[in-house]
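Welcome, and please take a moment with the sequence and the 3D view. We will walk through this structure together, one region after another.

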Amino acid sequence: MISIIISSANAKYLKDIYQNIEETIGVPFEIISTDNSNGARGICAIYNEGAIKASFDILCYMHEDLKMLTQKWGLNVVEKFKNNLRLGIIGVVGSSYKPLAPSGWGAASALNNVYFSHYIQHYKHKEKAAHLIDVNPSGKVIENVACVDGMWFCTRKEIVSAYPFDEELLKGFHCYDIDFCLNVGRNFNVAVVFDVLMEHFSEGSYNKSWMEDTIKIHKKWQKILPVSTIDINEYEKENMEKRAFKMLFKKLKEMGYTYGFARGTIDAVNKTGKLRSVLYYKLQFYLFKYFFINYKKD
């Protein structure tokens with residue numbers, strides 16, 4: 001019933017997750033794994049290839065540093081797609097608002113109604129205890145969002161056939177999830193589910209490759225961004241964009257990009273005509289402070 005597709009970088013992790021899936025999934029399955037320990041292939045190419053090889057109609061893309069905790073979680077996945085033909089993607093963490101500003105899949109809102117998640121996060125790169133990140137303001141079992149995170153998500157084989165991962169644009173390991181969600185989300189629902197629980201044993205990281213791919217996909221999708229699955233007033237939407245741009249400026253400076261490059265990212269977005277003039281000038285001010293006055297406030 002479910003074909004599980006994994007780009008593998010660690011043989012032990014792959015062995016462990018195979019056993020874990022076998023013990024918990026509760027439905028017929030297959031694992032289609034590709035040894036990519038040398039990092040020679042981009043994840044989009046591997047995921048498209050996995051979809052072609054898949055024997056089942058439901059595809060589950062997942063990282064190998066996971067541990068599934070919900071017993072018979074496969075039944076929950078199958079049920080979601082069976083009961084809703086408009087459902088295109090499900091994940092366990094996502095955001096109902098994808099900013100116009102070059103950014104990750106999420107957004108920060110003072111209203112606390114855009115972020116949804118249900119998983120246990122462990123940390124490899126900082127001293128922090130594992131904890132359950134359970135954010136579900138609506139209390140529903142499934143919540144429509146704009147994008148989900150790529151650590152674990154499921155879809156239909158026919159959807160990947162119609163909306164393949166963009167292996168021409170994205171040749172590395174970043175932004176495949178956002179790009180896929182924005183593509184599929186034009187015609188199908190993307191959602192976070194709360195009846196599948198897992199542990200994730202590493203946190204994400206940002207580098208120049210991530211930044212380059214982020215800017216690529218924002219250029220690709222600038223006509224439809226921002227994307228929102230909830231009603232947000234213009235005041236709060238502008239505040240979310242301001243927060244997203246500030247985070248972008250911070251990352252650009254930390255990664256060693258020049259002020260000129262960072263200014264170019266604002267100007268490129270401004271050319272879409274989707275930034276109010278007041279916000280555009282505010283962003284120039286914030287950018288100047290980040291780069292020349294060591295501005296630290298997020």
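Is Asn20 buried or exposed? Asn20 counts as buried, because its relative accessibility is 8%, and the cut-off for buried is under 20%. Before going further, please keep in mind that this is a predicted model. Asn20 is found in helix H1, which covers residues 11–24. From there, the side chain of Asn20 reaches the backbone nitrogen of Met68 at 2.6 Å. Setting aside residues up to four places away in sequence, Asn20 touches Lys67 and Met68.

Follow the chain a little beyond Met68 and you come to Lys72, in the loop between strand E4 (66–68) and helix H3 (73–83). The backbone is worth a look here: Lys72 has a positive phi of about 60°, although it is not a glycine.

Now let us turn to helix H2, residues 43–53. Eight of its eleven residues are buried, so H2 is largely enclosed by the rest of the structure. You can pick out the buried residues one by one: Ile43, Cys44, Ala45, Ile46, Tyr47, Asn48, Gly50 and Ala51. What do these buried residues pack against? Their partners are strand E1 (2–8), strand E2 (29–35), strand E3 (58–62), strand E12 (152–156), helix H4 (157–162) and helix H5.

Helix H5 is our next stop, and we can approach it along the chain. In the loop between H4 and H5 sits Cys175. Phi of Cys175 is near 70°, a positive value in a residue other than glycine. With a relative accessibility of 4%, Cys175 counts as buried, because the cut-off is under 20%.

How many residues of H5 are buried? Nine of the nine are, so H5 is largely enclosed by the rest of the structure. They are Tyr176, Asp177, Ile178, Asp179, Phe180, Cys181, Leu182, Asn183 and Val184.

Let us pause at Asn183, which lies in H5, a helix of residues 176–184. Asn183 counts as buried, because its relative accessibility is 11%. The side chain of Asn183 makes a polar contact with the side chain of Arg186, at 2.5 Å. Leaving aside neighbours within four places in sequence, Asn183 is in contact with Tyr163, Pro164 and Trp221.

Trp221 leads us on to helix H6, residues 208–221, which packs with H5 at an angle of about 10°, the two axes being 10 Å apart. Why are these helices called roughly parallel? Angles under 35 degrees count as roughly parallel, and H5 and H6 therefore fall in that class. H5 passes H6 in a right-handed crossing. On the H5 side, the contact is made by Ile178, Asp179, Leu182 and Asn183, and on the H6 side by Ile217, Lys220 and Trp221. By class, the residues of this contact divide into four nonpolar, one polar and two charged.

Just past H6, look for Leu225 in the loop between H6 and strand E15 (227–228). Leu225 has a relative accessible area of 2% and is therefore buried. Which residues does Leu225 contact, leaving aside neighbours within four places in sequence? They are Lys98, Pro99, Leu100, Leu182, His218 and Lys274. The C-alpha atoms of Leu225 and Glu212 are separated by 18 Å, and these residues are 13 residues apart along the chain. Pro226 lies in the loop between H6 and E15. A cis peptide bond joins Leu225 and Pro226, with omega about -5°.

Our last stop is another pair of helices. Helix H8 (residues 259–270) and helix H9 (residues 277–292) pack at an angle of about 165°, with their axes 10 Å apart. Angles over 145 degrees count as roughly antiparallel, and H8 and H9 are therefore roughly antiparallel to each other. H8 passes H9 in a right-handed crossing. To trace the contact in H8, look for Tyr259, Ala262, Arg263, Ile266, Asp267 and Asn270; these meet Tyr280, Leu283, Gln284, Leu287, Phe288, Phe291 and Phe292 in H9. The contact of H8 with H9 has nine nonpolar, two polar and two charged residues.

Definitions and conventions:
Residues are numbered from 1 along each chain as its sequence is written. This is a predicted model: local features need pLDDT of at least 70, side-chain atom pairs count only at pLDDT 80 or more; totals for chains, interfaces and linings use all residues. Side-chain values use heavy atoms; hydrogens and water are left out. Helices (H or I, at least four residues) and strands (E, at least two) are DSSP runs, numbered from the N terminus. Buried means under 20% relative accessible area, exposed over 50%, partly exposed in between (1.4 Å probe, protein chains only). A polar contact is a pair of N or O atoms within 3.5 Å; within protein, one must be able to donate a hydrogen and the other to accept it, and residues adjacent in sequence count only if both atoms are side-chain atoms. Contact means heavy atoms within 4.5 Å. Axes are lines fitted to C-alpha atoms, for helices over the stretch in contact, and angles run from 0 to 180 degrees between N-to-C directions. Angles under 35 degrees count as roughly parallel, over 145 as roughly antiparallel, 65 to 115 as roughly perpendicular and the rest as oblique. A crossing is left-handed if the near helix is turned anticlockwise from the far one by less than a right angle, and right-handed if clockwise. Ala, Val, Leu, Ile, Met, Phe, Trp, Tyr, Cys and Pro count as nonpolar, Asp, Glu, Lys and Arg as charged, and the others, Gly among them, as polar.
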